[in-house]
Amino acid sequence: MPHGSLTLPARLHLLAWDTATGEAAGAAPLVRAGALTELAQRGLLLDDDGIATPADLDALTGDPVLDGLLELVRESRPHRWRDWVTLHARVTADAVRQQLTADGYLGTERRRVLGVFPAADHVLRRADVVEALREEARRTLAGPLTAVSAREAAATALAVAAALPTPVAPVGGDGHAESCRRRVDELAERSGVAGIVRELCAALRTTAVAAAGR
């Protein structure tokens, strides 16, 4: 599958993959934010005064990850967008990981815990796709907004907000950081669901700060 056809949560899971450690630890909130954004861009989740609200009780996307999240939102009591970033986020991340494994982006290696209990580790099979996604994110941050699609804008804004171990944005001084924040805000606007993406970015920044303080 060409990487251009990847859903937002799948793209973000790969962007979160740390090729140095061989894992995507802590990716679940980012992956969940990507799924929420894609559902909003498709018009299947609407914003009702800050609450993520299904637009239709029967509509489906045909993608098991997105449809699983839609079902979860429909069956749960109302929550704000920022709450959904972490609420049962592992469910979405695990489903994306299975999807990426089935499509050949990830593989599995069997091992035994304590020499007895069977377990499996996920390994990256398509490092070239991860690098291509990172390069695309860098171009999105630096290039003209008119050349950026709504999907690319959302993916890059969320990835920068999540402060990934392997950053998609160049590291610079305070002035550069401020410029990057402005660009992320512009990308949120470009996403077509600006208020939702800004809310999700704020939640991801909070989550990243909390994780760094552990």
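From the N terminus on, the elements of the protein run α-α-β-β-α-α-α-β-β-α-α-α-α. That makes nine helices and four strands. Both kinds of element are DSSP runs, numbered from the N terminus: helices are H or I runs of at least four residues, strands are E runs of at least two. The model is predicted, with local features needing pLDDT of at least 70 and side-chain atom pairs pLDDT 80 or more, while totals for chains, interfaces and linings use all residues. Residues are numbered from 1 along each chain as its sequence is written, and side-chain values use heavy atoms, leaving out hydrogens and water.

Of the 214 residues in the protein, 43% are buried. Buried means under 20% relative accessible area, exposed means over 50%, and partly exposed lies in between (1.4 Å probe, protein chains only). Contacts were counted next, a contact being heavy atoms within 4.5 Å. Among contacts between residues at least 6 apart in sequence, 67% join residues at least 24 apart.

The largest nonpolar core has 60 residues. Such a core is a set of buried Ala, Val, Leu, Ile, Met, Phe, Trp, Tyr and Cys residues joined through side-chain atoms within 4.5 Å. In soluble globular proteins, nonpolar side chains tend to be buried together. Leu14 and Leu158 touch the most other members of this core. Neighbours within four places in sequence aside, Leu14 is in contact with Leu6, Leu100, Tyr105, Leu106, Leu124, Val129, Val130 and Leu133.

Val129, Val130 and Leu133 also appear among the buried residues of helix α6. The other buried residues listed there are Arg134, Glu136, Ala137, Thr140 and Leu141. They cover an arc of only 160 degrees around the axis, which puts them on the same side of α6. The arc is that of the directions from the helix axis to the C-beta atoms. An α-helix has 3.6 residues a turn, so residues three or four places apart point the same way. The length of α6 was checked as well. Its 16 residues (127-142) should span 22 Å at 1.5 Å a residue, and the end C-alpha atoms are 23 Å apart, which agrees. The expected span is 1.5 Å times one less than the number of residues.

Thr140 and Leu141 have a further partner, Arg183. Arg183 sits in helix α8 (residues 174-190). Its relative accessible area is 12%, so Arg183 is buried. Beyond four places in sequence, Arg183 also contacts Ala142, Gly143, Pro144 and Leu145.

The structure holds 12 salt bridges. A salt bridge is a side-chain nitrogen of Lys or Arg within 4 Å of a carboxyl oxygen of Asp or Glu. One of them joins Glu136 and Arg11 (2.3 Å, N to O). This pair links distant parts of the chain, with Glu136 in helix α6, Arg11 in helix α1 (residues 8-15), and their positions 125 residues apart. Glu136 is buried at 12% relative accessibility. Arg11 is buried too, at 5%. Arg126 and Asp128 form another salt bridge (2.8 Å, N to O). Here Arg126 is partly exposed at 31%, and Asp128 is partly exposed at 45%. Arg138 and Glu131 also pair (3.1 Å, N to O). Arg138 is partly exposed at 30%, as is Glu131 at 39%. Salt bridges that share partners join Glu38, Arg42 and Arg151 into one network.

The count of disulfides comes to zero, taking a disulfide as a pair of cysteine sulfur atoms within 2.5 Å. Cys180 is buried at 15% relative accessibility. Cys201 is buried at 1%.

Two loops complete the account. Asp49 and Gly50 concern the first. Gly50 lies in the loop between β1 (45-48) and β2 (51-54), and Asp49 is found in that loop as well. Gly50 is buried at 14%, whereas Asp49 is exposed at 68%. Gly50 contacts Arg80 and Trp81, leaving aside neighbours within four places in sequence. The C-alpha atoms of Gly50 and Glu199 are separated by 8.6 Å, although the two residues are 149 apart along the chain. Most residues other than glycine have a negative phi. Asp49 has a positive phi, near 55 degrees. The phi of His88 is likewise positive, near 55 degrees. His88 lies in the loop between α4 (81-84) and α5 (89-102), and is partly exposed at 48%.
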